Amino acid sequence: MSLQKTINHNALPKHIAIIMDGNGRWAEERKQDRLFGHFAGVESVRDIVEGAAELGINYLTLYAFSTENWDRPKSEVDGLMELLVDTIKKEVPTLNKNNIRLHVIGDTDMLPENARKQLFSAVNETALNTGLNLNMALSYSSRWEIVSAVQKIVKDVRLGKITETEITQPLFSKYLTTGDFPDPELMIRTSGEYRISNFLLFQMAYTEFYFTDILWPDFRKQNLYEAILDYQNRERRFGKTTKQILDNTQNM
Ligand code: IPE
Ligand code: IPE
Ligand code: MG
């Protein structure tokens, strides 16, 4: 039986977040420039987006570029930005064909003007799609996001739009860049690194983490299925006891 068929389609995560890591090492293993790895990584993005859409996942957040990544050598940053923006632009017809809606989260003010324009036109061109929500985290960092949320909240309190007592956890979530998305149930990081690297810190309070040594350019649908199966074999307790969780499922 194929791995896809062993997945329980009634217990899929609604939101999967992925730290796509290891492009540079993949290229270095082949004695190539790091950008070669980023190019190869695009193929994985295509395959995983297609795989997630086929399964019926509602939200897929891909960490493509962190605010810290701006500090990489200029040639890598320029090459990577061009690749990301070009790819997104070129993929619009495929996204539309597959009913995929594109979102971009991150500090896009840091992007070159032209790149920003192209990105937002791609976002607009897919805005009516109702299938998979594909969130590209670009120039994203969670600490930036949290501080920006605080600034917006303070502003709205000053303007009288909200009061201090209305600031609850759900309201705070709404002020994050992922305000319209549920928290991810599953986070995957490739390349054998065991850290979060400033990704969705607030949103991942109870997310299941899945780490694999596979480098991003080698990551394919099959590997996504493996991660989902692993997730489906876990018990999510949210602070409760196993007995409480079991009793609750029996009562359902
Ligand atoms: C992930 O691959 C892509 C980005 C961070 C932009 P890396 O470029 O970090 O690859 P490694 O970790 O150096 O191998
Ligand atoms: C995290 O990868 C960011 C992205 C995948 C976009 P990095 O390669 O930048 O993270 P660190 O530096 O290893 O923590
Ligand atoms: Mg890396």
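How many nonpolar, polar and charged residues does the shell around ligand 2 have? By class, that shell has five nonpolar, three polar and four charged residues, where Ala, Val, Leu, Ile, Met, Phe, Trp, Tyr, Cys and Pro count as nonpolar, Asp, Glu, Lys and Arg as charged, and the others, Gly among them, as polar.

This is a predicted model, in which local features need pLDDT of at least 70 and side-chain atom pairs count only at pLDDT 80 or more, while totals for chains, interfaces and linings use all residues. Residues are numbered from 1 along each chain as its sequence is written, chains are lettered from A and ligands numbered from 1 in the order in which they are written, and side-chain values use heavy atoms, with hydrogens and water left out.

## Ligand 2

The residues around ligand 2, each with a heavy atom within 4 Å of the ligand, include Ile 19, Met 20, Asp 21, Tyr 63, Phe 65, Asn 69, Arg 72, Arg 189 and Arg 195. Strand β2 (residues 59-66) gives the most to this shell, with four residues; strands (E, at least two residues) and helices (H or I, at least four) are DSSP runs, numbered from the N terminus.

## Ligand 1

Of the 13 residues around ligand 1, those that come nearest are Asp 21, Gly 24, Arg 25, Arg 34 and Arg 72. By class, the shell around ligand 1 has three nonpolar, five polar and five charged residues, and its largest share, three residues, comes from α2.

## Polar contacts

The table lists polar contacts of both ligands, each a pair of N or O atoms within 3.5 Å.

| Ligand oxygen atom | Protein partner | Distance |
|---|---|---|
| Ligand 2 | Asn 69, side chain | 2.9 Å |
| Ligand 2 | Arg 72, side chain | 3.3 Å |
| Ligand 2 | Arg 189, side chain | 3.3 Å |
| Ligand 1 | Gly 22, backbone | 3.3 Å |
| Ligand 1 | Asn 23, backbone | 3.2 Å |
| Ligand 1 | Arg 72, side chain | 2.7 Å |

Arg 72 thus appears with ligand 2, at 3.3 Å from an oxygen atom, and with ligand 1, at 2.7 Å from an oxygen atom. The protein covers 87% of the 380 Å² of accessible area that ligand 1 has on its own, and 78% of the 390 Å² that ligand 2 has on its own, with areas from the Shrake-Rupley method and a 1.4 Å probe.

Notes:
Polar contact = N/O pair within 3.5 Å; in protein donor to acceptor, adjacent residues only side chain to side chain.
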